Amino acid sequence: MEHNYGINQDIAEKTPITGQPIRLEKPYKKVILVNVADCKNKITVAHVTKRLQGTSWYEWEELLAQWLVRAIVEAIQNGQTEADITKMFSCDLQGEDHLGPFFKKQEMIIPFLMGRLFECVTEDDKMMRVRIIKKSICED
């Protein structure tokens, strides 16, 4: 039986009221996940979403989790040992509710992701290579 990674093709990428894009592109260095093999048949969107609790908006947590797991699954399917996860790091996020719009800036997203999901392996001006931490792959 094939592992269910929990990828949802119909994930909301626009805000619910005004329909603005949730992800606002912002330049950043390339970010490469180096331990894709550790995730094979183990990682799920639901588990990563749970690890990301605390972003201030569930939609951001689910979207970031979807982007990560999609990149990992794509790498696995293509026989690659690394995945490009730059999309998670190269943005500001915006949301909205009945009180109006709100944001999470890239400067807050990056340390949040590094604290919850990844550890840096190497970094220079053009690239950061990260490893997903064990507790972000599967529950113990």
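**Entry 1. Helix α1**

I began with H47, which counts as buried at 10% relative accessibility. I note at the outset that the model is predicted. I located H47 in helix α1. I then took a distance to I109: the C-alpha atoms of H47 and I109 are 18 Å apart in space, and 62 residues separate the two in sequence.

**Entry 2. The open sheet**

I traced an open sheet of three strands, ordered β1-β4-β5, with antiparallel pairing. I recorded β1 (23-25) and β5 (100-104) as the edge strands, each pairing on one side only. I found neighbouring strands of this sheet to be turned by 30° against each other on average, direction ignored.

I looked further at the pairing of β1 with strand β4 (residues 91-97), which is antiparallel and extends over three bridges. In that pairing I found L24 opposite D92 of β4. As background, strands of a sheet pair through backbone hydrogen bonds, in either a parallel or an antiparallel manner.

**Entry 3. Helices across the sheet**

I asked which strands helix α2 lies across. Helix α2 (residues 58-77) lies across β1, β4 and β5, and its direction makes an angle of about 145° with β4. Helix α4 (residues 106-116) lies across β4 and β5, at about 100° to β4.

I checked the length of α2: its 20 residues reach 28 Å from first C-alpha to last, close to the 28 Å expected at 1.5 Å a residue. I also checked its exposure and found α2 mostly covered, with 14 of its 20 residues buried. After α2 comes G79, for which I read a positive phi near 70°.

**Entry 4. Strand β7 and its partners**

I examined the pairing of strand β7 (residues 127-132). Strand β2 (residues 30-33) pairs with β7 in the parallel sense over four bridges. Strand β6 (residues 118-123) runs antiparallel to β7, and five bridges join the two. I noted that β6 and β7 form a hairpin, with three residues between them.

I then looked up bridge partners at V130. V130 in β7 is the bridge partner of L33, and V130 is also the bridge partner of C120.

Which side chains of β7 are buried, and which are not? The side chains alternate along the strand: M128, V130 and I132 point to one face and are buried. M127, R129 and R131 point to the other face and are not buried.

**Entry 5. The nonpolar core**

I looked up the largest nonpolar core, which has 41 residues; L33, L68, I85, M88, F89 and F118 touch the most other members. I listed the elements that each supply at least two residues of this core: β2, α1 (45-51), α2, α3 (86-89), β4, α4 and β7. Which element gives the most to this core? Helix α2 does, with eleven residues.

I took I85 for a contact list, leaving aside its neighbours within four places in sequence. I85 is in contact with V31, L33, L68, A71, F118 and V130.

**Entry 6. Cysteines**

How many disulfides does a search of the whole structure find? The search returned zero. I asked why C120 has no bond to the closest cysteine sulfur. The closest cysteine sulfur to that of C120 lies in C39 at 17 Å, which is too far for a bond; the cut-off for a disulfide is 2.5 Å between the sulfur atoms.

I compared the settings of C39 and C120. C39 is buried, with a relative accessible area of 0%, whereas C120 is partly exposed at 37%.

**Entry 7. Positive phi in the loops**

I looked for positive phi values in residues other than glycine, and recorded N41 and S56. N41 has a positive phi of about 60° and is not a glycine. I placed N41 in the loop between β2 and α1, and found it partly exposed, with a relative accessible area of 45%.

S56 is likewise not a glycine, and its phi is positive, near 100°. I placed S56 in the loop between α1 and α2. Is S56 buried or exposed? S56 is exposed, with a relative accessible area of 59%.

Definitions and conventions:
Residues are numbered from 1 along each chain as its sequence is written. This is a predicted model: local features need pLDDT of at least 70, side-chain atom pairs count only at pLDDT 80 or more; totals for chains, interfaces and linings use all residues. Side-chain values use heavy atoms; hydrogens and water are left out. Two strands pair if DSSP finds at least two bridges between them. Axes are lines fitted to C-alpha atoms, for helices over the stretch in contact, and angles run from 0 to 180 degrees between N-to-C directions. Contact means heavy atoms within 4.5 Å. Buried means under 20% relative accessible area, exposed over 50%, partly exposed in between (1.4 Å probe, protein chains only). A nonpolar core is a set of buried Ala, Val, Leu, Ile, Met, Phe, Trp, Tyr and Cys residues joined through side-chain atoms within 4.5 Å. The expected span of a helix is 1.5 Å times one less than its number of residues.
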